[in-house]
Amino acid sequence: MADYRELNRANWDERAPAHAASPGYGVQRFLDDPDHLSGVVRFDLPRLGDIRGQRGIHLQCHIGTDTLSLARLGATMTGLDFSAPALAEAAELARRTGTVLRLHQADVYDAVEVAGAGAFDLVYTGIGALCWLPDIRRWAEVVAGLLRPGGRLFLREGHPMLWALAEPSGDGRVVVGFPYFERPEPLVWDDATTYVETDVVLRSTVTHEWNHGLGEIVTALLSVGFELTALEEHDSAPWDALPGMMVRDEHGEFRLRDSPERLACTYTLQAVLRGS
Ligand SMILES: C[S@@+](CC[C@H](N)C(=O)[O-])C[C@H]1O[C@@H](n2cnc3c(N)ncnc32)[C@H](O)[C@@H]1O
């Protein structure tokens with residue numbers, strides 16, 4: 001079996017330019033309007049608070065649209081991702097908008113060595129980030145290692161219940177088809193498509209992913225010294241997670257068309273590293 005990082009990186013390397021050119025990521029809007037923020041960060045605004053002057057790191061920053069948005073809110077932002085093409089798009093976005101972003105190409109698990117121990121006030125991540133990591137406890141150690149005592153983790157992520165659902169079968173039912181809990185063995189996917197509107201057909205189609213239960217995520221964070229300060233589940237996600245079953249609202253959030261109260265699609269978790 002090939003190393004999961006090589007498989008996943010090859011896949012993300014191909015997705016990055018397609019995403020940067022897609023209407024969904026809306027790169028042009030950042031160039032046209034110096035106050036424009038990504039939909040993901042706009043959703044986060046009421047919970048983020050004032051981040052002016054904070055040293056932030058965006059783990060798995062992809063093409064940098066959320067990273068740039070956080071910089072526009074006044075944080076000094078670093079982005080980290082293992083995909084060179086993704087970071088090239090982020091660097092180009094920073095250059096064209098006249099924004100200073102520090103960018104590191106690295107695996108998340110190497111983030112402390114690469115970006116600095118205790119160097120940040122804020123770790124921001126999510127929306128399709130944790131599912132690429134096999135071990136949630138190791139991730140929690142990395143997040144703790146990056147923050148100064150009293151620093152904050154801000155995580156909005158796809159809900160493990162959503163990740164556990166089978167592809168919609170067309171009868172309106174949601175069916176649990178995949179593990180909810182973390183398993184050592186990956187979920188292996190083979191898919192030439194991606195989640196944005198694009199004609200691009202991927203050549204590196206095989207990916208390895210993992211789910212992590214909400215309790216496992218919280219437990220991992222508590223065990224490395226975090227105090228949980230907020231945990232909110234949302235009935236919506238910023239992408240069409242169950243095609244054919246969801247409707248998009250005016251903010252770009254998707255939720256089940258029928259009885260959306262059936263399903264938590266995402267959650268926002270905030271935690272502070274003890275010891276300030
Ligand atoms: C769905 S994106 C999440 C980013 C963000 N929510 C967005 O949509 O802009 C996932 C990102 O994780 C990165 N990634 C996946 N596995 C990684 C790893 N082990 N280390 C660093 N980056 C990784 C990919 O390159 C990709 O850019």
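A residue is called buried here when its relative accessible area is under 20%. By that cut-off, helix α4 of this predicted model is a good place to start. The helix spans residues 65-72, and seven of its eight residues are buried, so α4 is largely enclosed by the rest of the structure. The buried set consists of Thr-65, Asp-66, Thr-67, Leu-68, Ser-69, Leu-70 and Ala-71. After α4 comes Gly-74, with a positive phi near 105°.

On the other side of the helix, the loop between β1 (55-59) and α4 holds His-62. His-62 is not a glycine, yet its phi is positive too, at about 55°. With a relative accessible area of 10%, His-62 falls under the 20% cut-off and therefore counts as buried. His-62 also turns up at the ligand, as one of the residues that come nearest.

That leads to the ligand site. The ligand has 17 residues around it, and those that come nearest are Tyr-25, His-62, Asp-81, Val-108 and Ile-127. Sorted by class, the shell comprises nine nonpolar, five polar and three charged residues. As for polar atoms, the side chain of Asp-81 places an N or O atom 2.5 Å from an oxygen atom of the ligand. The backbone takes part as well: a polar backbone atom of Phe-82 sits 3.2 Å from a ligand nitrogen, and a backbone N or O atom of Ile-127 is 3.0 Å from a nitrogen atom of the ligand. Taken alone, the ligand would expose 590 Å², and the protein buries 97% of that.

Stepping back to the whole chain, the secondary structure amounts to nine helices and 11 strands. The radius of gyration is 18 Å, close to the 19 Å that the globule rule gives for 276 residues, so the chain is as compact as a globular protein of that length. Along the principal axes, the C-alpha atoms fill a box of roughly 50 × 45 × 40 Å. Of the 276 residues, 51% are buried. Sequence-distant pairings are well represented: among contacts between residues at least 6 apart in sequence, 72% join residues at least 24 apart. The chain exposes about 12,600 Å², and carbon and sulfur atoms supply 50% of that area.

Further along the chain, three buried residues give a feel for how individual positions are packed. Asn-211 belongs to the loop between β7 (206-209) and α9 (214-223). Its relative accessibility is 6%, below the 20% limit, which is why Asn-211 counts as buried. The side chain of Asn-211 reaches the backbone oxygen of Pro-179 at 3.0 Å. Pro-179 is also among the residues that Asn-211 touches; leaving out residues up to four places away in sequence, the others are Pro-160, Trp-163, Ala-164, Tyr-180, Phe-181 and Glu-182.

Leu-242 is another loop residue, placed between β8 (226-234) and β9 (246-248). At 4% relative accessibility, Leu-242 is buried. Setting aside neighbours within four places in sequence, the contacts of Leu-242 are Leu-162, Leu-165, Ala-166, Pro-168, Val-174, Leu-256 and Leu-263. Leu-242 and Thr-266 are separated by 24 residues in sequence and by 13 Å in space, C-alpha to C-alpha.

Thr-266 itself is part of strand β11 (residues 266-273), and its relative accessible area is 0%, so it is buried. The side chain of Thr-266 reaches the backbone oxygen of Ser-236 at 2.6 Å. Residues up to four places away in sequence aside, Thr-266 touches Arg-156, Glu-157, Gly-158 and His-159, along with Glu-232, Glu-233, His-234, Ser-236, Ala-237, Pro-238 and Trp-239.

Finally, the loop between β10 (254-256) and β11 contains Ser-259. Ser-259 is not a glycine, but its phi is positive, about 50°. Its relative accessibility is 35%, which lies between the 20% and 50% limits, so Ser-259 counts as partly exposed.

Methods. Residues numbered from 1 in each chain as written. Predicted model: local features only at pLDDT ≥ 70, side-chain atom pairs only at ≥ 80, totals over all residues. Heavy atoms only, no water. Near = heavy atom within 4 Å. Polar contact = N/O pair within 3.5 Å; in protein donor to acceptor, adjacent residues only side chain to side chain. Areas by Shrake-Rupley, 256 points an atom, 1.4 Å probe, with all protein chains shown as cover. Nonpolar A, V, L, I, M, F, W, Y, C, P; charged D, E, K, R; others polar. Helix = DSSP H or I, 4+ residues; strand = E, 2+ residues; numbered from the N terminus. Buried < 20%, exposed > 50% of the residue type's maximum accessible area, 1.4 Å probe, protein only. Contact = heavy atoms within 4.5 Å. Rg over C-alpha atoms; globule rule 2.2 N^0.38 Å.
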